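Welcome! Take a moment to look over the structure below, and then we will walk through it together, one topic at a time.

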Number of protein chains: 2
Amino acid sequence: MSESVTTSFNCRLPLDSSGTIRLGHGSGGKMSASLTSSLFLPILGNPILNELQDAAVVEGCSQIAVTTDAYVVNPIFFPGGDIGSLAVHGTVNDLCMRGAKPLYLSASFILEEGLPLSILEKIIRSFHEATEKSGIMLIAADTKVVNRGAADQIFITTTGIGIVGDKVPSANAARAGDVIIISGNLAQHGMAIMCAREELELETQLLSDSAPLNNLAQKVLETSDNVHCLRDLTRGGLASAVNELAQSSSVGIVLDEKHIPIHPQAKAACELLGLDPLYVACEGRFLAIVAAEDAEKVLQAMRKDPLGNNAHIAGVVIEDHKGTVILKSTVGGNRILDKLSGEQLPRIC
Amino acid sequence: MSESVTTSFNCRLPLDSSGTIRLGHGSGGKMSASLTSSLFLPILGNPILNELQDAAVVEGCSQIAVTTDAYVVNPIFFPGGDIGSLAVHGTVNDLCMRGAKPLYLSASFILEEGLPLSILEKIIRSFHEATEKSGIMLIAADTKVVNRGAADQIFITTTGIGIVGDKVPSANAARAGDVIIISGNLAQHGMAIMCAREELELETQLLSDSAPLNNLAQKVLETSDNVHCLRDLTRGGLASAVNELAQSSSVGIVLDEKHIPIHPQAKAACELLGLDPLYVACEGRFLAIVAAEDAEKVLQAMRKDPLGNNAHIAGVVIEDHKGTVILKSTVGGNRILDKLSGEQLPRIC
């Protein structure tokens with residue numbers, strides 16, 4: 001029972017001499033505890049998380065919004081962000097698309113054996129900065145380690161909980177006559193990832209649009225009582241989002257290509273790679289479907305925010321062609337803008 | 001704008017002729033939608049999940065408990081359970097260790113390209129059955145697909161939200177004089193996994209103890225107003241759990257080896273593999289730290305429940321040796337039961 005007895009019963013592995021994640025870091029034993037106390041908590045800690053309880057207990061409210069997403073983006077660092085900030089922004093954005101104020105976040109980290117600790121630290125620092133910027137508090141977390149080759153460096157799943165406000169935009173609330181407003185330039189996130197992955201060099205570096213949309217969404221909701229839908233333009237891009245809304249609301253949607261804002265460099269990169277920018281994921285853009293009479297004031301409110309300064313009115317909701325999206329092309333023709341079948345850009349988020 | 005135009009703009013991939021997960025199933029496009037509508041929703045669907053909103057909106061309450069865990073167990077099917085039921089039980093159990101009633105669940109599925117759809121279906125059916133049995137409702141979900149070799153078949157992260165009751169056991173609430181009650185036989189889950197992984201054959205098959213503990217935990221809390229700590233005995237087993245509680249509560253803990261219930265076959269398997277059953281993970285066992293005067297009635301209440309029918313009083317909390325766990329061995333000596341340093345059994349949950 002003396003200290004020497006303790007020592008003899010334990011193989012004292014060096015906790016971090018290799019500077020990489022090892023299976024023992026996922027054990028629930030000392031190496032796990034060391035990873036938590038020396039890396040995760042100093043960066044991510046707060047009074048609730050530091051308690052290390054089985055479940056965090058926090059104040060609730062009468063209605064809550066809940067969303068979850070896994071992040072498997074490749075590469076894990078890209079111009080304008082990384083998997084850490086992305087895992088916060090994506091989940092914050094899903095909450096505020098329902099008019100909810102982001103409140104609490106949980107995160108699970110699946111780590112591949114051999115991941116350099118310096119990389120992990122960089123990611124969780126970025127994760128933490130994103131939570132601070134978004135005003136969301138990490139209250140529960142978990143880390144698992146899998147053997148080399150059983151995962152690709154790091155996957156993060158975040159679940160967000162928010163307070164529902166008095167306005168709750170919904171995917172099924174678009175009405176004929178409503179107007180579609182797009183908050184800013186499309187296709188930056190997806191093309192920034194693709195350029196990083198393919199080591200494609202453009203004249204100037206294209207940055208991801210990854211950003212927390214809660215302030216901008218809040219402004220939109222404060223400006224008008226007639227905001228029917230909000231939807232962030234993630235996997236599958238604008239085209240997939242409008243298709244989902246057209247189906248959920250059982251309406252037709254007509255988009256006018258010449259009013260859809262697309263970052264010129266993202267457009268160039270899309271042309272180079274043969275991709276349609278309307279299907280490319282953003283991580284800091286959304287669309288609002290708003291009653292026509294409020295569209296102009298919502299547009300002006302968006303444009304005053306740095307994240308909405310290139311917002312455009314780009315379409316209308318119609319009674320006909322229920323569940324269908326029609327694109328009026330710049331050269332005059334109309335075509336159906338369908339959902340993609342398969343994968344355009346795998347592991348974009 | 002005719003149907004033929006639509007068709008010509010889309011490569012109509014066969015959605016499931018291969019019977020396996022493909023990258024397109026993670027695209028956010030038609031294949032994703034097909035996977036969701038033909039597999040996930042028919043099994044997991046409910047009015048809230050079926051809305052497919054960015055975030056689910058549900059009733060809250062004044063205080064909520066939140067917990068998250070990633071599940072990376074290998075193999076994904078094992079005697080007595082699979083990764084689907086485990087991902088529900090583990091999170092339900094973390095909630096009820098804080099005295100919370102499990103209410104809502106979110107889940108993210110990270111799938112490896114090539115995973116047979118039949119395997120996925122089996123897992124989500126098992127996941128669903130576990131939610132039904134635990135009385136928890138899946139309200140948000142996400143699916144990502146990564147390329148072959150970038151994950152090992154399937155990883156699931158679940159986040160649980162529960163209503164906090166009027167009693168909130170806490171890791172820091174153990175007091176000198178309290179009694180440690182263990183709810184049932186240790187080491188079954190870990191050894192069931194190990195036997196499955198190593199294809200080790202015992203005389204009779206050892207089953208995982210994976211189970212939802214909410215009813216049993218509720219009974220314990222109803223029986224006594226002096227339940228100070230509850231802790232499920234997952235990664236790192238009993239030894240790690242008591243060490244964490246001794247440290248959080250700044251007390252010493254003395255366990256009496258002869259009163260610690262261990263499944264005989266699990267014990268035999270441990271001996272065969274040279275493992276200490278006190279460090280082996282359970283997924284349906286917990287310990288309660290209870291004021292001495294209530295210990296006997298709590299024990300009797302536990303034993304009336306099928307999941308607690310082999311509960312034992314196995315230790316006491318002491319003032320001395322703060323942060324330390326002492327094991328009185330069956331042969332008379334005492335030793336410090338320390339935390340393991342590294343990994344005994346990787347990917348056990």
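Let's begin with a single residue: leaving aside residues up to four places away in sequence, A:Asn185 touches A:Pro261, A:Ile262, A:His263 and A:Asn310. Please keep in mind that you are looking at a predicted model. From this one residue we will move out to the whole chain, then to its domains, to a sheet, and finally to the pair of chains.

**A closer look at one residue**

- Where does A:Asn185 sit? You will find A:Asn185 in the loop of chain A that runs between strand 8 (179–182) and helix 6 (188–198).
- Is A:Asn185 buried or exposed? A:Asn185 is buried, because 23 other C-beta atoms lie within 10 Å, and a residue counts as buried from 20 such atoms upward.
- One of the residues that A:Asn185 touches is A:Ile262. These two are 77 residues apart along the chain, yet 4.5 Å separates their C-alpha atoms.

**Chain A as a whole**

- Chain A contains 10 helices and 14 strands.
- The C-alpha trace of chain A spans about 85 × 50 × 35 Å along its principal axes.
- How does the radius of gyration of chain A agree with that of a compact globule? For 349 residues a compact globule would have a value near 20 Å, and chain A has 22 Å, so the two agree.
- Buried residues make up 59% of the 349 residues in chain A.
- Take the contacts in chain A between residues at least 6 apart in sequence: 86% of them join residues at least 24 apart.

**Two domains in chain A**

- The domain assignment divides chain A into domain 1 (20–52 + 59–164) and domain 2 (179–336).
- The C-alpha centres of domain 1 and domain 2 of chain A are 27 Å apart. Their contact takes 21 residues from domain 1 of chain A and 22 residues from domain 2 of chain A.
- On the side of domain 1 of chain A that touches domain 2 of chain A, helix 4 (83–96) and helix 5 (117–134) of chain A each supply at least two residues. Which helix gives the most to that side? Helix 4 of chain A does, with eight residues.

**A sheet built from both chains**

- Five strands form an open sheet with mixed pairing, in the order 1(A)-2(B)-7(B)-5(B)-6(B).
- At the edges are strand 1 (56–59) of chain A and strand 6 (137–146) of chain B, each of which pairs on one side only.
- On average, neighbouring strands of this sheet are turned by 20° against each other, ignoring direction.
- Strand 5 (residues 100–112) and strand 7 (residues 154–164) of chain B run antiparallel and are joined by 11 bridges. To see one pairing for yourself, find B:Leu105, whose bridge partner in strand 7 of chain B is B:Gly160.
- Helix 4 (residues 83–96) of chain B lies across strand 2 (63–71), strand 5 and strand 7 of chain B, and runs at about 30° to strand 7 of chain B.

**How the two chains are related**

- A turn of 180° and a shift of 0.0 Å along the axis lay chain B on chain A with an RMSD of 0.0 Å. The two copies are therefore related as by a two-fold rotation axis.
- Which residue of chain B comes closest to the rotation axis? That residue is B:Ala151, with its C-alpha at 2.0 Å.
- The copies meet through the same surface, because 100% of the interface residues of chain B are also interface residues in chain A.

Conventions:
Residues are numbered from 1 along each chain as its sequence is written. Chains are lettered from A and ligands numbered from 1 in the order in which they are written. This is a predicted model: local features need pLDDT of at least 70, side-chain atom pairs count only at pLDDT 80 or more; totals for chains, interfaces and linings use all residues. Two strands pair if DSSP finds at least two bridges between them. Helices (H or I, at least four residues) and strands (E, at least two) are DSSP runs, numbered from the N terminus. Axes are lines fitted to C-alpha atoms, for helices over the stretch in contact, and angles run from 0 to 180 degrees between N-to-C directions. Two residues are in contact if their C-beta atoms, placed from the backbone, lie within 7 Å. A residue is buried if 20 or more other C-beta atoms lie within 10 Å of its own, exposed if 12 or fewer, and partly exposed in between; C-beta atoms are placed from the backbone. Copies are superposed by least squares on the C-alpha atoms of residues with pLDDT of at least 70 in both. The radius of gyration is taken over C-alpha atoms; the globule rule is 2.2 Å times the number of residues to the power 0.38. Domain bounds come from an automatic or database domain assignment.
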